[in-house]
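User: I am new to this structure and would like to learn how to read a ligand site. Please take me through it.

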Amino acid sequence: MPKSLKNVLCIVGARPNYMKMAPIHAALAASGRFHPALIHTGQHYDTEMNDAFFRELCMPAPDVNLEVGSGSHAVQTAEVMRRFEPIVDQTANPVVLVVGDVNSTLACALVAVKKGVPVLHVEAGLRSGDRTMPEEINRILTDQMSDMLFTTERAALDNLTGEGIAATRVHFVGNVMIDSLRANLPWAVPPTQTLAAHGFAPPPAFAVATLHRPANVDEPDILRRLLESLCIIGQTLPVVLPLHPRTKGRIQAAGFDHFLDGRTILPLGPASYLTMLGLMAQARLVLTDSGGIQEETTALGVPCLTLRDNTERPITISEGTNTLVGRDSDAILAAARTIMETGGKRGRVPEFWDGHAAGRIVTAMIQAL
Ligand code: UD1
């Protein structure tokens with residue numbers, strides 16, 4: 001790694017990190033002012049959760065893979081820290097750039113801050129107010145440790161100043177995930193192709209659902225009620241369900257495979273980025289417990305029902321197409337019916353979700369570092 005430039009250690013660990021980091025890494029490399037190095041912690045390791053995304057996002061192979069794999073939160077976080085520390089030690093002029101709220105984000109920020117290495121956090125200041133979510137703890141702690149905090153929506157600044165973080169450290173730059181969405185939408189895989197490849201006759205209209213949060217899939221009773229709701233919606237509007245490995249495992253363990261009947265619910269493996277973009281862009285309705293999908297559906301103008309009681313991304317509700325429906329079957333079905341009858345919320349695309357967020361980050365970095 002060059003000694004004259006700042007070496008920006010760009011951390012990715014899990015699936016939602018890749019589409020955020022791709023435009024930042026590219027903008028850093030193009031700036032000529034920084035040398036970006038891609039560090040993969042290995043939190044996600046399945047080909048379908050991982051390699052396919054790098055290929056589609058045209059990201060270079062990671063410079064380093066820490067290969068931590070799965071484990072309890074403590075083990076995973078500790079393993080990332082243990083393996084990341086020597087990388088920081090070996091790097092001249094290091095800066096650590098983390099995105100989002102996964103365990104790898106927290107672990108690498110913690111290593112850096114203890115060494116006096118600047119920490120930059122992209123997607124700072126989002127708060128669900130729900131401390132039972134592991135991501136909420138990761139967000140709060142990462143923001144406390146960060147020197148530059150890049151936000152996707154203006155309300156994030158209030159969350160941060162309320163936690164004692166100086167406003168001068170906060171930069172409203174917009175949403176890098178939408179940089180990736182805009183750049184890649186022209187290459188999205190048509191849903192007809194995706195469904196045909198899985199042996200399903202493409203229906204004239206469909207919904208898309210994703211489920212992976214422990215709160216939704218780990219408790220069999222909750223999982224069963226959610227699958228039942230999807231089946232009922234699927235009788236009118238077939239539901240395409242790309243399955244996270246955790247969800248697939250929980251469905252099998254609970255004996256719920258009969259819900260994946262190929263008629264009301266059309267199950268897929270984890271969808272690649274371009275596959276997912278194609279599905280979301282053409283969906284009549286999206287049901288999800290993901291954070292990123294709430295934002296992507298808002299950018300696409302597609303109605304989204306979020307199967308959680310809270311969201312750290314309130315702008316997707318106030319300005320976008322998102323509605324919180326929780327886990328209650330009646331509430332989910334009523335909201336889905338309204339969307340099928342009326343077309344649902346149209347929303348508008350929030351400020352700075354314009355495809356240029358990564359450029360703003362690099363500009364702010366040039367000024368500050
Ligand atoms: C992580 C993030 C979550 C993000 C999600 C996207 C944290 C705390 N959570 O959750 O915010 O929305 O990624 O997917 O960091 N597994 C595989 N193959 C893989 C990865 C995981 O089979 O490549 C299975 C393993 O059984 C593992 C489980 O999925 O134990 C959970 O993986 P983990 O990385 O711990 O968390 P996610 O639930 O994926």
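**The ligand site**

Analyst: At least three residues of the shell around the ligand come from each of domain 1 (6–174 + 353–368) and domain 2 (188–342); the domain bounds come from an automatic or database domain assignment. This is a predicted model, in which local features need pLDDT of at least 70, side-chain atom pairs count only at pLDDT 80 or more, and totals for chains, interfaces and linings use all residues. Residues are numbered from 1 along each chain as its sequence is written, and side-chain values use heavy atoms, with hydrogens and water left out.

User: How many residues surround the ligand, and which are the closest?

Analyst: A residue is near a molecule if one of its heavy atoms lies within 4 Å of it. Here 20 residues surround the ligand, and the closest are Gln43, His44, Tyr45, Glu135 and His212.

User: Which polar contacts does the ligand make with side chains?

Analyst: A polar contact with the ligand is a pair of N or O atoms within 3.5 Å. An oxygen atom of the ligand lies 2.6 Å from a side-chain N or O atom of Glu135, and an oxygen atom of the ligand lies 2.9 Å from one of His244.

Notes: Polar contact = N/O pair within 3.5 Å; in protein donor to acceptor, adjacent residues only side chain to side chain.
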